[in-house]
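Here is a short report for a first look. Pockets come before the sheet.

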Amino acid sequence: MVNVHMMVTNPTEYIEYFAKCGAAYITMHLETLVHPIRALKRVRELGVKAGIAINPSTDISRLAYMTDDIDLVCIMTVEPGFAGQTLIPATIEKITAVRKMFADAGKDVEIMVDGQVKEATAPRLVAAGANILVVGTSGLFNTFTPEEYPKAIRFYQNLES
């Protein structure tokens, strides 16, 4: 499964292209969308699951009117753009609040977390309600040797909420 997480200023210009490329999910940053519901509906019209990414400072109340149109919420736990930042603690509460918002609306949503996902933080992120973890620089490449990658991946796979 491929999730295209578009960290670009005009994501709607790329929806059709990535749908044709075979993306399973297309995730766009809410902060870059002028008409988010229109963009989400377009993704779904093309047979792809629609995702919204939100930065740490974005108020989740903006998602409340989109619960019918979102398949995945990507919660950034650091400011996007560069590796090595410290996880922003308030984003863990945001995961729980987003999970509750969608549950209260009767919607099943994937919650992906991106930023500072590593052995020390991952259990808390999953316990808060995340079910997809983006493991990169801090949680894999700068922590484990290539020979240890299978063990590390098993660790993340075996986390339970």
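The largest pocket has a volume of about 250 Å³. Among its 19 lining residues, Val78, Ala83, Asp114, Gly115 and Gln116 are the closest to its centre. A pocket here is an open set of points on a 1 Å grid over the protein atoms alone, where a 1.4 Å probe fits, with protein on both sides within 12 Å along at least five of seven lines; lining residues have an atom within 4 Å of a point. Volume is the space filled by probe spheres set on the points, which are joined across faces, edges and corners.

This is a predicted model: local features need pLDDT of at least 70, side-chain atom pairs pLDDT 80 or more, while totals for chains, interfaces and linings use all residues. Residues are numbered from 1 along each chain, and side-chain values use heavy atoms, without hydrogens or water.

| Pocket | Volume | Nonpolar residues | Polar residues | Charged residues |
|---|---|---|---|---|
| Largest pocket | about 250 Å³ | nine | eight | two |
| Second largest pocket | about 200 Å³ | nine | two | no |

Ala, Val, Leu, Ile, Met, Phe, Trp, Tyr, Cys and Pro count as nonpolar, Asp, Glu, Lys and Arg as charged, and the others, Gly among them, as polar.

Helix H6 (149-157) gives three residues to the second lining, its largest share. Helices (H or I, at least four residues) and strands (E, at least two) are DSSP runs, numbered from the N terminus.

Six strands form an open sheet, ordered S1-S2-S3-S4-S5-S6, with parallel pairing. Two strands pair if DSSP finds at least two bridges between them. S1 (3-6) and S6 (132-134) stand at the edges, each with a single partner strand, so one side of each lacks a neighbour in the sheet. Three bridges join S5 (residues 110-114) to S6. Val113 stands opposite Leu133 in S6.
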